[in-house]
Amino acid sequence: MKRFQHWLKKWMVNYMDLPADVIMDLPRLTMIGQLHVYIENHRGVVRFTNTELRLALKEGELVISGNQFIIKTILPEEILLEGIIEHVYYEKP
């Protein structure tokens with residue numbers, strides 16, 4: 001059943017021009033240079049230090065590393081991070 005749901009969601013994104021982040025429950029990242037990153041649709045903060053932010057996603061984690069991190073805004077599914085961003089990557093479970 002999950003395979004069918006996944007296939008149906010991909011079909012809706014491809015043929016109905018619906019946004020993938022909404023239909024497939026994916027995170028949306030907006031970066032402004034190396035200074036800010038705005039992340040929507042995450043599942044919570046796993047770890048935060050001044051050099052690393054780990055966010056839980058539907059599947060795996062989003063890891064942002066760098067320096068001088070400050071969380072400027074945090075809401076249940078949105079976060080605005082400020083600092084010097086060096087790496088952004090996904091980790092699968």
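The protein chain of this predicted model contains two helices and six strands. Read along the sequence, these elements follow the pattern α-α-β-β-β-β-β-β. The C-alpha atoms of the chain fill a box of roughly 45 × 25 × 20 Å, taken along the principal axes. Of its 93 residues, 28% count as buried. The chain exposes about 6,500 Å², and carbon and sulfur atoms supply 56% of that area. Among contacts between residues at least 6 apart in sequence, 39% join residues at least 24 apart.

**Helix α1 and its aromatic pair**

Helix α1 covers residues 2-16. The helix has 15 residues and reaches 20 Å from its first C-alpha to its last, which is close to the 21 Å expected at 1.5 Å a residue. Just after α1, D17 takes a positive phi of about 55°.

The count of aromatic pairs in the model comes to two. In one of them, the rings of W11 and Y15 have their centres 5.5 Å apart and their planes at 35°, so the pair is tilted. For a tilted pair, the angle between the planes is neither under 30 degrees nor over 60. In general, a pair of aromatic rings is described by the distance of the centres and the angle of the planes. W11 and Y15 are four residues apart in α1, and about one helical turn therefore separates them. As to solvent, W11 is partly exposed, with a relative accessible area of 36%, whereas Y15 counts as exposed at 61%.

**Pairing of the strands**

The description now turns to the strands, whose antiparallel pairings are set out below.

| Strand pair | Bridges | Direction |
|---|---|---|
| β3 and β4 | three bridges | antiparallel |
| β4 and β5 | five bridges | antiparallel |
| β5 and β6 | eleven bridges | antiparallel |
| β2 and β6 | five bridges | antiparallel |

Strand β3 comprises residues 45-48. A hairpin joins β3 to β4 through three residues, and R47 stands opposite R54 in β4. Strand β4, residues 52-56, is mostly covered, as four of its five residues are buried.

On its pairing with β5, strand β4 places L55 as the bridge partner of L62. Strand β5 spans residues 61-74. The hairpin of β4 and β5 has four residues between the strands, and in this hairpin G60 takes a positive phi near 90°.

Strands β5 and β6 also form a hairpin, with three residues between them. Within this pairing, I64 has V88 in β6 as its bridge partner. Strand β6 spans residues 78-91, and β6 is also joined to strand β2, residues 36-40. In the pairing of β2 with β6, E40 stands opposite E78.

**Two residues within the strands**

Two residues illustrate the surroundings of β5 and β6. The first to be considered is S65, which lies in strand β5. Is S65 buried or exposed? S65 is buried, because its relative accessible area of 16% falls under the cut-off of 20%. Leaving aside residues up to four places away in sequence, S65 touches T51, E52, I84, I85, E86 and H87. Of these contacts, E52 belongs to β4, whose residues are 52-56, while I84, I85, E86 and H87 fall within β6, residues 78-91.

The other residue is L80, which has its place in strand β6. L80 counts as partly exposed at 23% relative accessibility, because this value lies between the 20% limit for buried residues and the 50% limit for exposed ones. Which residues does L80 touch, not counting those up to four places away in sequence? The contacts of L80 are H36, V37, Y38, I70, I71, K72 and T73. Among them, H36, V37 and Y38 lie in β2, residues 36-40, and I70, I71, K72 and T73 lie in β5, residues 61-74. L80 thus touches residues of both strands that pair with β6 in the table. The C-alpha atoms of L80 and T30 are separated by 9.4 Å, although these two residues are 50 residues apart along the chain.

Note on methods:
Residues are numbered from 1 along each chain as its sequence is written. This is a predicted model: local features need pLDDT of at least 70, side-chain atom pairs count only at pLDDT 80 or more; totals for chains, interfaces and linings use all residues. Side-chain values use heavy atoms; hydrogens and water are left out. Buried means under 20% relative accessible area, exposed over 50%, partly exposed in between (1.4 Å probe, protein chains only). Two strands pair if DSSP finds at least two bridges between them. Contact means heavy atoms within 4.5 Å. Rings of Phe, Tyr and Trp (its six-membered ring) pair if their centres lie within 6.5 Å; planes under 30 degrees apart count as stacked, over 60 as edge-to-face and the rest as tilted. The expected span of a helix is 1.5 Å times one less than its number of residues. Accessible areas come from the Shrake-Rupley method with a 1.4 Å probe; for residues, only the protein chains shown count as cover.
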